[in-house]
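Subject: Structure handover

Hello,

Please find the structure below, with notes on its backbone underneath.

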Amino acid sequence: MKRCLIVDDSRVVRKVASRIVGDLRFDVVEAGDGAEALNLCREAMPDAVLLDWNMPVMNGLDFLRALRREPGGAKPVIVFCSTENDADHISEALRAGADEFIMKPFDADIIQSKFVEAGLV
Amino acid sequence: MIESTFQEFADLARRVSGQTFAPGKAYLIVARLQPIARREGFATLEDLAACLKARPNPVFENEIAAALVSKRTEFFRDRATLARIVSDVLPVAAETPARSKLRVWVAGGGPGQEAFSLVMLLNEARPVALEDIPIDILSTDLSKAATERARSGAFGHFEVQKGLSIHRLLANFTRQDDGQWRVNDELRRQISFRQHNLLEDMEGLGEFDVVLCRNVLGDMVESARAHVLKALSARLAPGGHVFFGDEETGVAGLGAGPLEASEIFQGGFKARRSSAVQAA
């Protein structure tokens, strides 16, 4: 079973996203900020990361740049998930190494569609 | 909604668009017409029906029939079929001697996702065989509102996140101040959008190498479907193809398997494998 790390400082968003991603037959791991997520990745690289942008301690963009420099850090498919959804922010996320981008708010259909686009399902 | 009102709207749908409603589907009529009734100031659908009866109005009836049709679509739906049209079907059509251009018709194209998807594919990877030949794309729909929306090319937050990769979104759309995403001009210029009812005369539209009529005919009463199939096939250029929805293969007249069966007839009635069409 593929593993997906869900990174968001909102417990509610993590919970909703976990259920949706779980329905897509992923094992789900959760982190509340980028630093926690990076530690989890060092223990075991996930197949996918659903990643919020604005978070305390370490934001999504900083996490992404750090992850891509880690050994094995090129492997996870990164799906950004943010309310920062103008073209400039989206382009910045893609340049930093994101594979897909979900504009919040999302629903189950959007997550599924984006996971399909990213080749995850 | 009382039974006689259901019957009146079901009759209107059948007459205007050929759509048929099974007896248990009254709730669909309620859900789809409630917004119009409210907007027009009718307290109930009974009042709306009474008004239509007392004061027949073809434009309003057409709007109601269009609201009752509920084609749900998304960008790149049935994408393998779209890819095949671009990579195989159109290049073969382009080889026909003396062809100065190719024509594609999206019949029942709603607000335009199918036509826009096709144009995106053509722009991303235009086969060599299509490099020197212009391709006209026409997208028509019963609904005036859908046709106007297609012309505007504006899509909402949820629409642009279903079927579209973020790369395609950024490459082909521009975000508007109101949060909607608008298809870029150079794509919109490649498509003509027109309001058209498939039950009405279509000879004036000319001939087409490819017709996409996907997830449109499945809800039609059989006589209307047979009529449209015959009329569509008469619009095909020699060697032309019609494509139906990938999920419509069980519908009488629309073929019995995926992909190859969805191109069920070529030029007139030289059917590959649909006896239903030949009988029509």
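The notes below cover one helix and then some loop residues.

This is a predicted model, in which local features need pLDDT of at least 70, side-chain atom pairs count only at pLDDT 80 or more, and totals for chains, interfaces and linings use all residues. Residues are numbered from 1 along each chain as its sequence is written, while chains are lettered from A and ligands numbered from 1 in the order in which they are written.

Helices (H or I, at least four residues) and strands (E, at least two) are DSSP runs, numbered from the N terminus. Helix H2 of chain B covers residues 26-39, 14 residues in total. From first C-alpha to last it reaches 20 Å, close to the 20 Å expected (1.5 Å times one less than the number of residues). H2(B) has a kink of about 45 degrees at B:Leu33, shortly before the proline B:Pro35; the bend is the angle between axes fitted to the seven residues ending at a residue and the seven starting there. After H2(B) comes B:Gly41, with a positive phi near 85 degrees.

In chain A, the loop between strand S5 (100-103) and helix H5 (108-117) holds A:Pro105, which is joined to A:Lys104 by a cis peptide bond with omega about 0 degrees.

Two loop residues remain. A:Val57, between strand S3 (48-51) and helix H3 (60-69) of chain A, is not a glycine but has a positive phi of about 70 degrees. B:Asn215, between strand S7 (208-212) and helix H10 (222-234) of chain B, also has a positive phi, near 55 degrees.

Regards
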